[in-house]
Structure formats: C-alpha cells, structure tokens
Amino acid sequence: MNKNKKQFEFDALILSPGIAMGPAFFFRRIAIDLEEYNYKVTDIEKEINAFHKACGSSKENLIHTQQLSKKLYDDQFSDVFESQIAILEDTIFLQEIENEIKKGKKSAAIAINNIFKMKKEYFLNLDNEYFRDRALDIADLKQKLLHEIFGIGTDYQLSVPSIIFSELLTPSDTVNFNRNLILGFVTDTGGKTSHASIMAKSLHIPSVVNSDNLSKIIMSGDYVIIDGYIGKIFVNPSQKTIDECIVRKSKFEDHRAKLVKETNLPCMTLDNEEVKIYANVEFVDELDEVKLNGGEGIGLFRTEGLFFERDSIPTEEEQFVLYKKFAEKLKDIPIILRTVDAGGDKLIKDINQPQENNPFLGWRGIRVYLDEPEIFINQLRAIFRSNINGNIKILLPMISCIRELRQAKEIIEEVKNQLEKEKIQFNPKTELGIMIETPAAAMMADIYMGEVDFLSIGTNDLTQYTLAVDRTNIKIAKLFNDMHPAVLKLIKNVVEISDQNQKEISVCGELAGNPRAVAILLGLGVRILSVSPILIPEIKKVIRSVSLTDCKKLVDSILYCDDAFKVIEKADRFFEDKIPNYEYLV
Ligand code: PEP
Ligand code: MG
C-alpha cells in the first residue's frame, strides 16, 4: 500500500461473497502450443540441459518469491513455495523426467508435461486434502517450468498471493491458477450464474465484476480491496477504508459462524413444513464441507470440475475410483451425479468443441454425447459400477426434446447389458433424472415425467433461455432475472406436475441459494433446494424464519406481477420483514 496514492472506489457486481485485500495481478492468457515441441529428439544432452536450466531458474524465482511472501504475509502461504521447491530438489522426480527425455526421446517440454501430468493425476486421486492441494502446486510448477523453457512471461503464474484482474475468466482458468495463491477475482464481464463465478463460490474466493475497464487505471502490484459483501472495489485504500473493511469482514464472519452452529437444527418452516437442503458441488474437496454445513445430500455434482482439474478426460477407471470414494464417504445421503455438461462457457480440453456463434445454443450437454457417446459411456460405466450402496443417482443435462432423452436411455440400457455380459459388478437400479433447464423441457414436463425417476430445475439456464439473456454477459446482467414472472410460472408448472405424478423435484440453480428467493420457491411448492455448500446455513436460517402460509401469500401476490422488478421489490420487503439480521445474508 502506498500512502501517497489517492484512493479510488468502484461499484461492482458481487459474484462470490467475502473481502480480499492484496496486490492486483493482471492476467493475460498466453497460449502454449505443446505440439510444436513434440519432435523426435536427436540432441538428448541439449534437452536435458534445457530442463536443468528451467529447474534452476524456477527454483531461484521460488526462493525469491518465498522470501517476499514471508515479508508480506508471514508464513501464511509458505507451504506452497516449500512444496514446489521440494519437488525441484527431489532427485527421483528429476530422474523420471530425465529418463523420459532419454528413453522416450522426448523434448524437455514434452517430458515435463508427461511426468507432471502423471504426478498430478496421482495426487488428485488420493483421498487426502493435503495431497490434493499438492496436486495444484504440481500443476502450477509445471506451468512455471514450461514458461522457463519457452522463455515467455507470466500466464497462470502468481508470484505472490494476489487479486486477479482479467477481462474474462473461464472455469478452467479458475482451476489453472494455483488456488492457494488466489485472494480474489475481478473480471470485466461475467454474471452471477456464469460457471467461473459458481466455481469461485465453491472455492470460497471473493469475486466481483466491474465493467469500467479497470486495467486502464490499476497497475499490477497496486494494492486493492474487493468487497464482496457490499459490491465495491477500492484501489489504494486509505487506512480508514481498510479498517472499515476489516470490521465489516469480521461482522459478516461472526454472523456466519453463528449460523453454522445452528445449521443442524431441524430444517422446518415456522408452521412445521419440512424442507431438505442439498449441496451443489464442483470439487471433491467440497464433500467434507457438505456435512459440516448441514447438507442432507448432494443435489448436483457438476462432474465437469473433475474434467477441468485434469488436463484430459478422466478414464472410466479414474472416475470409478472417485465415485466409489464419494459413495463410501457419504453412504447415508443421496448423491446426484450430473453427467458431464461440456459446452457453453465450459470448454473442456480433449472434447473437440467447435468455434460456435452461439455456444450456449450450440453443442452442449447431452447433445455432445449423443454425437460422441464414448465420453458418456465411460462415465455411465463408472457410475453404475460405483453405486454399490445405491445412493448415487444419474442426472442428464440440457434436455430439450424427448428424442434426446430416449436416445440417452437406449445408451444407458446398452451400457447395463455390456456390464452384465462382462460380469462386472454394478447397480442396475441406479435412478435416472433430468435437468429441467430449457423452456421446452419445463413446458413438456408432463411428458418427461413418465420416463424418469426425478427432476431437477436448473434456474440458471432456464432463465437464460426463457429471457434470451446470456448468463455471462455483464452488459445485460440487469436483465438476467431469475425471479422474472415468466421463469416463476415455468417452475410452478413443473412443480405442480411433479407433485401430481409423485416424482421428486428439486431446484439446483443459483436461485435456490438466493436467500431473498427462498420464500418464493417454498410458496411455489419446492421442498428440496440444492445450493453451494457455503450457503446452506443461511438458507436453512431463512427456512426456519418463515411460515409456509406467508410464503404462499407472497407467491399469490407476485405471480401476476407484470414486471420482474416488482417481484424483486415484494420479495425484498418480505425478506427484510421476516428475516432477523437480514443485512448479513448476501
Ligand atoms: C442451471 O443451469 O441452473 C444449472 C444448475 O446447471 P449449470 O449452472 O451447471 O449450467
Ligand atoms: Mg445448466
């Protein structure tokens, strides 16, 4: 912080709550084309030297960074650098890379890539948070070494814990940075339901959007605060601002700690209507958090997270091992695994996604695997095999017509027959559900109902497609209104039909995790909400503070509003009237 610099203050849209303070880091994506380095090596000595040179300079940089970080943050982030330096000093590890160069006749870059990839996958598969964290350090170190080899500057490399500023972040960007060094995210674009922000929330990283083109005003290294409670960015904050932020942070955190203590109280409305709260999960690390926060199930496991964490599509065996671990760890609660939903803003390396004019209207979700069933088949086999306790269910994304569902079911039957033929143990009774996230599916819910065991409403896409508003576009973020009467009417239709057919129905979009929307969903008849684990205590508090009778009255008064902003006004008034300390619920 420079005391002589003037403080600037900007408004920002909150994507993930919390306060972060630290130096700004401007992220610019640099594409590395490894293919260029995939040549048959003739001069082995040259490649080995290049490798050692990269190790030497990376180690030097790491030691320097470690000292800097100690000065700025004491020992808080020391582990990261410690473990990366230790890898560079591990003679067995170094030998493995040398062998890959010598015996495999690979270039230094390809050898580093291959061995690091193997190590990262090994650590990711270990059931231990400490080692899974080390997998991130390994991925980060690989980037550092490759950048040394290519002689190019920063990309995903953070030298000190930083607040990342970027025009745009993709979900894979959020996992490519070393998570242990990210303090916060500021992007020029993105919406509350863009996948990068959902991931930031999962990772508990404060995150905001500001479209003022801050890169023209702020420089890398400037001290900034992002306040994801009140939606502000402070550049060169004054001591007064810093003190206020610290006080606000501790007030919000104290309030949250109180809610966490109450989270295992029965989840019932004031008039004793029972509601279930499940969790939306992206990363394996979050599983422990689900129970700690009082989650009664996993309502949505976005399996794309597993695909982003690796540099390639996980094999059937890798997925089987993971899913089996989930099933064992959480054997007494349901786990809804959504088959991979690639496309839109979720581009997955190794799935050949084309450049599309409208990616959200394009090759996404189920459309991908009906064209390329192999990814789907591998994932289904892993799920069926791992569901020995019977608590895993399958959820299909992006259904927009019955034909797709029927085709998917044919593949599912083939997979079961195959497993039977191969005499592999599996659970043929694994339940099947679909996401209701296109208006077509919401309007035809009565037809789908007969073909599946359960339904889950994805309000993020349902809103995007109903209102024709791109969920990632900040310019039209005000129009992305998941409390729009058109969206609420579709939800009402689906819930009523599910009740008539006695099918389980939940809501898993971000609307379910919005404390101001909970009363509306309850009034519409929803009894299972699936939300980010961090939000479970808040949402339970809201449920315990309202009566169903009042929620139904609220719904009666809003369903026929002619405008979304009128709905929000009424929902806000209800919320502020009924919920104690509502100002601490973001
Ligand atoms: C949704 O669309 O509401 C949903 C939960 O799925 P995703 O956010 O992963 O698209
Ligand atoms: Mg969706």
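Gln502 sits in the loop between α18 (485–500) and β15 (504–507). In this predicted model, the phi angle of Gln502 is near 50 degrees, which is a positive value in a residue other than glycine. Is Gln502 buried or exposed? Its relative accessibility is 74%, and a residue counts as exposed when that value is over 50%, so Gln502 counts as exposed.

A second loop residue may be read in the same manner. Asn272 is found in the loop between α8 (239–262) and β9 (276–281). The phi angle of Asn272 is near 65 degrees, again a positive value in a residue other than glycine. Because its relative accessibility is 57%, Asn272 counts as exposed.

The discussion now turns to residues that lie within helices and strands. Asn113 belongs to helix α4, which covers residues 108–124. Residues under 20% relative accessible area are termed buried; Asn113, at 13% relative accessibility, therefore counts as buried. When residues up to four places away in sequence are not counted, Asn113 touches Leu34 and Lys142.

Lys393 offers an example from a strand. It is part of strand β12, residues 392–396. The side chain of lysine is charged, and Lys393 has a relative accessibility of 12%, so it counts as buried. Which residues does Lys393 touch, not counting residues up to four places away in sequence? The contacts of Lys393 are Pro334, Ile335, Ile336, Leu337, Thr430, Glu431, Phe454 and Glu504. Two of these names, Glu431 and Glu504, belong to glutamate residues.

Leu15 is located in strand β2. With a relative accessibility of 7%, Leu15 counts as buried. Not counting residues up to four places away in sequence, Leu15 touches Thr187, Gly191, Lys192, Ser197, Lys201, Ser207, Val208 and Val209. Position along the chain and position in space can be set side by side here: Leu15 and His52 are 37 residues apart along the chain, and their C-alpha atoms are separated by 42 Å.

These residues can be placed in a wider plan of the chain. According to the domain assignment, the protein chain holds domain 1 (8–29 + 155–239), domain 2 (35–150) and domain 3 (258–462 + 503–584). Domain 1 and domain 3 are each written as two stretches of sequence, whereas domain 2 is written as one.

Consider next how domain 2 and domain 3 meet. Their C-alpha centres lie 37 Å apart. The contact takes 10 residues from domain 2 and 11 residues from domain 3. Between domain 2 and domain 3, an area of about 1100 Å² is buried, and carbon and sulfur atoms give 35% of this area. Which three residues supply more than any other three of the area that domain 2 buries against domain 3? They are Glu121, Asn125 and Arg132, which supply 45% of that area.

The empty spaces of the model complete the picture. Rolling a probe the size of a water molecule over the atoms shows where empty space is left. The second largest pocket contains about 1300 Å³ of space. Among the 44 residues that line this pocket, Leu13, Ile14, Lys192, Phe480 and Asn514 are the closest to its centre. The elements that give two or more residues to this lining are β2 (13–16) and α22 (564–578). Strand β2 gives the largest share of the lining, four residues. By class, the lining of the second largest pocket has 20 nonpolar, 11 polar and 13 charged residues. Where does this pocket lie with respect to the domains? Domain 1 and domain 3 both give residues to its lining, so the second largest pocket lies between them.

Cavities form a separate group of spaces. A search of the whole structure finds four cavities of 30 Å³ or more. The volume of the second largest cavity is about 70 Å³. Its lining has 15 residues, and those nearest its centre are Arg302, Arg338, Met435, Glu437 and Asn460. At least two residues of this lining come from each of β10 (298–302) and α17 (459–467). Divided by class, the lining of the second largest cavity has three nonpolar, four polar and eight charged residues.

Methods. Residues numbered from 1 in each chain as written. Chains lettered and ligands numbered in written order. Predicted model: local features only at pLDDT ≥ 70, side-chain atom pairs only at ≥ 80, totals over all residues. Heavy atoms only, no water. 1 Å grid on protein atoms, 1.4 Å probe; cavity = no way out; pocket = protein on both sides within 12 Å on 5 of 7 lines; lining within 4 Å. Points joined across faces, edges and corners; volume = space filled by probe spheres on them. Domains from an automatic or database assignment. Buried < 20%, exposed > 50% of the residue type's maximum accessible area, 1.4 Å probe, protein only. Contact = heavy atoms within 4.5 Å. Buried area = accessible area lost by both parts, 1.4 Å probe.
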